[in-house]
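Here's a quick tour of how some helices pack against each other, and of what the cysteines are up to. Have the structure open while you read.

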Amino acid sequence: MSASKAMEFMKLSDYQVKVLENCFNRDTKHPDGATLTLIAAECGLTEEETLKWFDLRNAQWREAEGLPAKLGSVLD
C-alpha cells in the first residue's frame with residue numbers, strides 16, 4: 001500500500017490535515033518529542049497517531065522526490 005493510500009485510512013479532519021501539513025512544510029519533517037507532543041495536542045491526536053502521520057507523509061514526500069520511500073541510502 002502506498003503512503004497516500006495509508007494516509008486516507010487515518011480519517012483526519014480538514015483542520016487536522018491543515019495543521020499537520022503546515023508543520024511539515026514550515027517547521028520540520030522530523031519533529032522531536034516535545035514538538036510532536038505539541039502538534040498532537042493541537043490536532044487532538046495521540047502522539048502515536050501524529051508520528052504515524054509524519055512517517056507516512058515523509059514516505060510520500062520521498063516518493064515524490066524520486067527517493068526510496070523509507071529512510072536509508074539512495075542506493076537502496
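What follows walks through two helix pairs, then the cysteines, then one threonine.

Keep in mind that this is a predicted model.

**Helix 2 against its partners**

Start with helix 2, residues 14–27, and helix 3, residues 33–43. Their axes come within 9 Å and cross at roughly 155 degrees. Since angles over 145 degrees count as roughly antiparallel, helix 2 is roughly antiparallel to helix 3. The crossing of this pair, helix 2 and helix 3, is right-handed.

Who touches whom here? On the helix 2 side you'll find Y15, Q16, V19, L20 and C23, and they meet I39, E42 and C43 of helix 3. Sorted by type, the residues in the contact of helix 2 with helix 3 come out as six nonpolar, one polar and one charged.

Now swing over to helix 4, which covers residues 47–64. Its axis comes within 11 Å of the helix 2 axis, and the two cross at roughly 55 degrees. That makes helix 2 oblique to helix 4, and the crossing of helix 2 and helix 4 is right-handed. Helix 2 brings L20, E21, C23, F24 and N25 to the contact, while helix 4 supplies T50, W53, F54, R57, N58 and W61. The tally for the contact of helix 2 with helix 4 is six nonpolar, three polar and two charged.

Here are the two pairs side by side:

| Helix pair | Axes come within | Crossing angle |
|---|---|---|
| helix 2 and helix 3 | 9 Å | roughly 155 degrees |
| helix 2 and helix 4 | 11 Å | roughly 55 degrees |

**The cysteines**

How many disulfides does a search of the whole structure find? Zero. For C23, the nearest cysteine sulfur is that of C43, 6.7 Å away. A disulfide needs the two sulfur atoms within 2.5 Å, so this pair doesn't count as one. Looking from the other end, C43 is in no disulfide either, with the sulfur of C23 as its nearest cysteine sulfur.

Are these cysteines buried or exposed? C23 is buried, with a relative accessible area of 7%, and C43 is buried too, at 6%.

**A threonine to click on**

T50 sits in helix 4 and is part of that helix's contact with helix 2. T50 is buried, with a relative accessible area of 0%. Setting aside neighbours within four places in sequence, T50 is in contact with L20, L36, I39, A40 and L45. Of these, L20 belongs to helix 2 and I39 to helix 3.

Terms used: Residues are numbered from 1 along each chain as its sequence is written. This is a predicted model: local features need pLDDT of at least 70, side-chain atom pairs count only at pLDDT 80 or more; totals for chains, interfaces and linings use all residues. Side-chain values use heavy atoms; hydrogens and water are left out. Axes are lines fitted to C-alpha atoms, for helices over the stretch in contact, and angles run from 0 to 180 degrees between N-to-C directions. Helices (H or I, at least four residues) and strands (E, at least two) are DSSP runs, numbered from the N terminus. Angles under 35 degrees count as roughly parallel, over 145 as roughly antiparallel, 65 to 115 as roughly perpendicular and the rest as oblique. A crossing is left-handed if the near helix is turned anticlockwise from the far one by less than a right angle, and right-handed if clockwise. Contact means heavy atoms within 4.5 Å. Ala, Val, Leu, Ile, Met, Phe, Trp, Tyr, Cys and Pro count as nonpolar, Asp, Glu, Lys and Arg as charged, and the others, Gly among them, as polar. Buried means under 20% relative accessible area, exposed over 50%, partly exposed in between (1.4 Å probe, protein chains only).
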